[in-house]
Amino acid sequence: MQILVVRRDLKGVRQFNLAAAIPVLCFLTLCVTLAAGGFVAGQANSERAATGADLAEVRALREQLAADREHIAKLEQETEDTLDALAIRLGRMNAHVIRLDALGQRLTEMAELEDGEFDFDSTPAIGGPLEPETLESGSVADINQSLGDLSDQLADREQQLGVLESMLMSRNLTQRTVPEGRPVNSGWLSSYYGKRTDPFTGKPAWHKGVDFAGKEGDDIVAVAAGVVTYSGDRFGYGNMVEIDHGKGYVTRYAHNSENAVAVGDEVGRGQIIASMGRSGRATGPNLHFEVLYRGKPVDPVKFIRGKASPK
């Protein structure tokens, strides 16, 4: 194929043969096509490489997030376990405090302390000058250690106070069962313990007790807590009441007009057990009072005056 090119002034004509140029055009077209294809392929490879890197980063972030969630869940469980343990310890300590309060109240009453000296219903009064805060906040381990030490101290104090309570109870029981005080609410001491002149024979005789003169029907009271072991008539004593107080102590109340207790009755100190009379060998209304220790008569005066030492 030929192409004619005419100049504008029509003065000349140029002729081109396309058949010779076709191979060159084909070569150029192929080169352009290959270059374009290489560019597109390179771009696609770049995009695929970039997309792969992004996916790897996303996967890494997801794995890190899952690990963080697992760690947080573990911390939450540990915190919950710690709080549960602290709650249990606080519950035990609270129980200790309640028992100590009750025990302290009983000890206050048993020791007969003045009202208000120990008030277990209010917080103890404390004080001190203002000091700068220099202590650091404690850790959970420090708090657990402090709670453990305090719980041990409470348990130790409870045990010690329990021993003290037993001692006070024993002491109070001994004080209540050892004869002490006057066996009558009215009357006067008319005859002492020991050698005297028998009022009926006029001869020297041993008096195993003391006598209180008074009015017929005056109250006779127990000088200590105990159990009635005899109540009735006995030769020479008339109507008599005998009380066993334990620890070897026994008391006798004789010449009564009437007994107010029976064998087996439990009596307390100051309880009315009989009425004054003149039954048995008596010259008038009086109470014959004896104190025996381990079966042997002892002088009742030291018990009446509260100067006898418990044995």
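Here is a walk through this structure, from its nonpolar cores to its ring pairs and its salt bridges. Keep in mind that the model is predicted.

Let's start on the inside. In general, nonpolar side chains in soluble globular proteins tend to be buried together. Here, the largest nonpolar core is made of 25 residues. If you want landmarks in it, look for Ile-220, Ile-243, Tyr-253, Ile-273, Leu-287 and Phe-289, the residues with the most contacts inside this core. Several elements of the chain feed into it: β6, β9 (238-246), β10, β12, β13 and α3 (301-304) each bring at least two residues. The top contributor is β13, which supplies four.

Ile-273 is a handy place to stop and look around. Leaving out residues up to four places away in sequence, Ile-273 touches Ile-220, Val-221, Ala-222, Val-241, Ile-243, Tyr-253, Asn-259, Ala-260, Val-261 and Val-267. Three names in that list, Ile-220, Ile-243 and Tyr-253, also appear among the landmarks of the core. Apart from this core lies another one, with five residues, including Met-93, Leu-100, Leu-147 and Leu-154.

Next, the aromatic rings. The structure has four aromatic pairs. Take Tyr-249 and Phe-303: their ring centres are 5.9 Å apart and their planes meet at 75°, and because an angle over 60 degrees counts as edge-to-face, that is the label for this pair. Tyr-249 belongs to strand β10 and Phe-303 to helix α3, so to speak two distant parts of the chain, 54 residues apart. Both Tyr-249 and Phe-303 are buried.

A second pair brings back two of the core landmarks. Tyr-253 and Phe-289 have ring centres 5.4 Å apart, with 40° between the planes, and this pair is tilted. Again distant parts of the chain are linked, with Tyr-253 in strand β10 and Phe-289 in strand β13, 36 residues apart. How buried are these two? Tyr-253 has a relative accessible area of 0%, and Phe-289 has one of 1%. Since buried means under 20%, both residues qualify. Elsewhere, ring pairs link Tyr-249, Tyr-293 and Phe-303 into a cluster. There is also a ring with a charge for company: the charged end of Arg-234 sits over the ring of Tyr-230, 4.4 Å from the ring's centre.

Now for the charged partners. The structure holds five salt bridges. One of them joins Arg-281 and Asp-198, whose closest N and O atoms are 3.2 Å apart. These two come from distant parts of the chain, 83 residues apart: Arg-281 is in the loop between β12 (272-276) and β13 (286-293), while Asp-198 is in the loop between β4 (194-197) and β5 (204-207). Are the partners buried or exposed? Arg-281 is partly exposed, at 40% relative accessibility, whereas Asp-198 is buried, at 11%.

The loop between β12 and β13 also holds Arg-278, which is linked to Glu-216 in the loop between β6 (210-213) and β7 (219-221), 62 residues apart. Glu-216 and Arg-278 form a salt bridge of 3.7 Å, N to O. Both ends are partly exposed: Glu-216 has a relative accessible area of 45%, and Arg-278 has one of 47%.

Strands β10 and β13 turn up once more in the next bridge. Glu-290 and Arg-252 meet at 3.4 Å, N to O. Glu-290 is in strand β13 and Arg-252 in strand β10 (residues 249-259), 38 residues apart. Which side of the 20% cut-off for buried do they fall on? Glu-290 is buried at 1%, and Arg-252 is buried too, at 15%. Salt bridges that share partners tie Glu-242, Arg-252 and Glu-290 into one network.

A last stop is Gly-194, found in strand β4. Gly-194 is buried, because its relative accessibility is 4%. Leaving aside neighbours within four places in sequence, Gly-194 is in contact with Ala-205, Trp-206 and His-207. Gly-194 and Lys-208 are 14 residues apart in sequence, and their C-alpha atoms are 6.4 Å apart in space.

Terms used: Residues are numbered from 1 along each chain as its sequence is written. This is a predicted model: local features need pLDDT of at least 70, side-chain atom pairs count only at pLDDT 80 or more; totals for chains, interfaces and linings use all residues. Side-chain values use heavy atoms; hydrogens and water are left out. A salt bridge is a side-chain nitrogen of Lys or Arg within 4 Å of a carboxyl oxygen of Asp or Glu. Buried means under 20% relative accessible area, exposed over 50%, partly exposed in between (1.4 Å probe, protein chains only). A nonpolar core is a set of buried Ala, Val, Leu, Ile, Met, Phe, Trp, Tyr and Cys residues joined through side-chain atoms within 4.5 Å. Contact means heavy atoms within 4.5 Å. Rings of Phe, Tyr and Trp (its six-membered ring) pair if their centres lie within 6.5 Å; planes under 30 degrees apart count as stacked, over 60 as edge-to-face and the rest as tilted. A charge sits over a ring if NZ of Lys or CZ of Arg is within 6 Å of the ring centre and within 35 degrees of the ring normal.
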